[in-house]
Amino acid sequence: MSGCDRTYWLVFPSGIEDVVRHTVEKDVVRSAEGGEPVQFLSNIAEKRVFVRKAVRRPKEKNEKRPKMEGEEPVASKDVPARKTIERKTYASAEEAMQHLRGALFFHFQDSVSFESEVALLDRIIHQHRCVEKVCLHLFSSPCKEAVGEIDEPFATHKSAIRQIVMSQLHSLQQALYQLHDEAYAVRHRIDEGVSFRVTAVRKDKSIPCSFKSTDVAAHLGELIAEDELFADWQVNMLYYNVEVYVVHDEHFVHVGVSLSPLPLPRCGRELDLTSQLAMEFERDFIGHQLQAGALHPSTSPHLKALIPRGSSHRNEVRLNKGENSMHPALAAALVAYADLTDATTMLDPFAGSGTVLVETLMATLFSKSLVLLGSDLSSGDTLMIRDNTDAERILYYSLVQEMFTSTSESYAPALLPVVERIRKWKALIHAKTIAVDVQDLTPENLVQRLSEGLGEEVQQEQKACEAMLKKVCRQIPLASSLALSMRCDAVKLPWKHNTIDRIISDLPFGRRCGNHKENASLYPLILKECYRLLTPPSGPSEGESGDRWWERGKGQTGGRAVLLTIEGELMMNSLELVKEECPFHLVTTPFTLDMGGLFPYVFVLEKR
């Protein structure tokens, strides 16, 4: 079957469709031997931009004004005007795919070989930081008023669904695993039996709906489990090898199966890859044993909740997560919007645990040297920034999760010995993990028993891997990025005028951090400090337009700030307040991103 017969989709936070498509297209062009190997079936979704609130003119005393016919009520000065979003109506699933927010559909041309298709999918899965998940498409269905609307489309497509999972998904998974080591591959193979779960998400929570995404997941799961065609498929919410993934948006649901590896199990706020790998290997081993009938849930009820849930983020490289840390995919998008092409210094004045700095390092790890500066008022956060922005540690975590092992870049050959040593270490973890008696494990003693089972040999092998990487890092072109963290006030930063090329920051929203009253006095001061620090322009102010608006024009230099805040009205008022002293240029109209139910605005500012 050719690549044109398979449709894939990428899942990511809504609002960053443009930068995701552009980075994938760049990777496709770089990897292609000729022609355009990928055809996108989705348009870049129109951004939801900031609209100034209407403000009622203060009435004179005793003034009465009759309401005009057809006049809409206007919000008072202190009450935000609520913007209503009309539901769009699409004539077909294909049209719905074109406008879906937070996802991009595509397929490969017939001229692309299966090996090239798999290699590009692997790069997207492991190296594109804005992408959360890659799915193989099964079917789309209208779903407007009730979840039962998917019954008929499911009945129509169920034979194709089984064929896609048992043939195409299995072949793609095995081909993807062959690019890595068997210690990384899932051993709970589809051809040995399917254990599945259904996950559903709503990409547009601003639109009212009479049912929840969990209702969609439960209903589709019942349809599969109760159909005779899938009698040999088992439902298992934890020990599964097939994840049916559903995106619900507007009037349609789009159903696929995930190609992305599962996030490693949670292990507290601090990253502990040894324990997390051991738990993931144990989860996979138990799933295989359950499928083979060697274990029975009725005799081992503790298995139901034995392994912790997967982490919220895949390919995690932060040693520590802050209390209100940003989603890495969103941080990666902000870095892309900053366009670091000509930058040598980057600052985050509200760095927190350093997520933006980490994603900046990930974007420039092998490409350029950059001085990264992070500040925060919390001494605990400055310590986390220091730990999280160690370039060698980030590279080590990336190699453990197979993020730079299938590339043709110049650094790949030098890293190969380290990769092989890490794979031996992971194979050792796997062998010792599955030797632990499952019946002795409980959710309370899981980490301790697995740690005891691993022993000193695993720790010594890990230290050997880290020592080898440290030696290789002196030979490969690892960008000599210098990361500095300081405890200081964001409006009284210690750096000199006109010395910072980029400022990227997640400002206090007044929700999880701070409050609106504090922000009202803070934002003008922040803008003045940003203007003071940013380097002055020395080229034309116009860059790219259209879908690549964030790319700077040829020869254009000067400072740029990318600021994230839910206080859109306050930020616009603050820009107006300081415009004489700090004449910022808005590169594009502020637009929203989906941040887990919050919809903050992105302000991209350049110094004039």
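Is Glu 280 buried or exposed?

1. Glu 280 is buried, at a relative accessible area of 13%. The model is a predicted one. Buried here means under 20% relative accessible area, so 13% falls on the buried side.

2. Glu 280 has a charged partner. Arg 283 forms a salt bridge with Glu 280, and their closest N and O atoms are 3.2 Å apart. Arg 283 is buried too, with a relative accessible area of 5%. Both residues sit in helix 6 (residues 273–292). They are 3 residues apart, about one turn of the helix.

3. Now look at helix 1 (residues 17–31), which holds both Glu 25 and Arg 21. Their side chains meet in a salt bridge, 3.0 Å from N to O. The spacing is 4 residues, about one turn of the helix. Glu 25 counts as partly exposed, at 32% relative accessibility. Arg 21, at 18%, counts as buried.

4. A third salt bridge joins the side chains of Glu 606 and Arg 552 (3.1 Å, N to O). This pair links distant parts of the chain, 54 residues apart. Glu 606 is in strand 16 (residues 601–607). Arg 552 is in the loop between helix 13 (516–533) and strand 13 (560–565). Both residues are buried. They belong to one network of salt bridges with shared partners, which also includes Asp 342, Arg 502 and Arg 560.

5. Step back to the whole structure. A search finds 24 salt bridges. The protein has 14 helices and 16 strands. Of its 608 residues, 55% count as buried. About 27,800 Å² is exposed, and carbon and sulfur atoms supply 51% of that area.

Methods
Residues numbered from 1 in each chain as written. Predicted model: local features only at pLDDT ≥ 70, side-chain atom pairs only at ≥ 80, totals over all residues. Heavy atoms only, no water. Helix = DSSP H or I, 4+ residues; strand = E, 2+ residues; numbered from the N terminus. Buried < 20%, exposed > 50% of the residue type's maximum accessible area, 1.4 Å probe, protein only. Areas by Shrake-Rupley, 256 points an atom, 1.4 Å probe, with all protein chains shown as cover. Salt bridge = Lys/Arg side-chain N within 4 Å of Asp/Glu carboxyl O.
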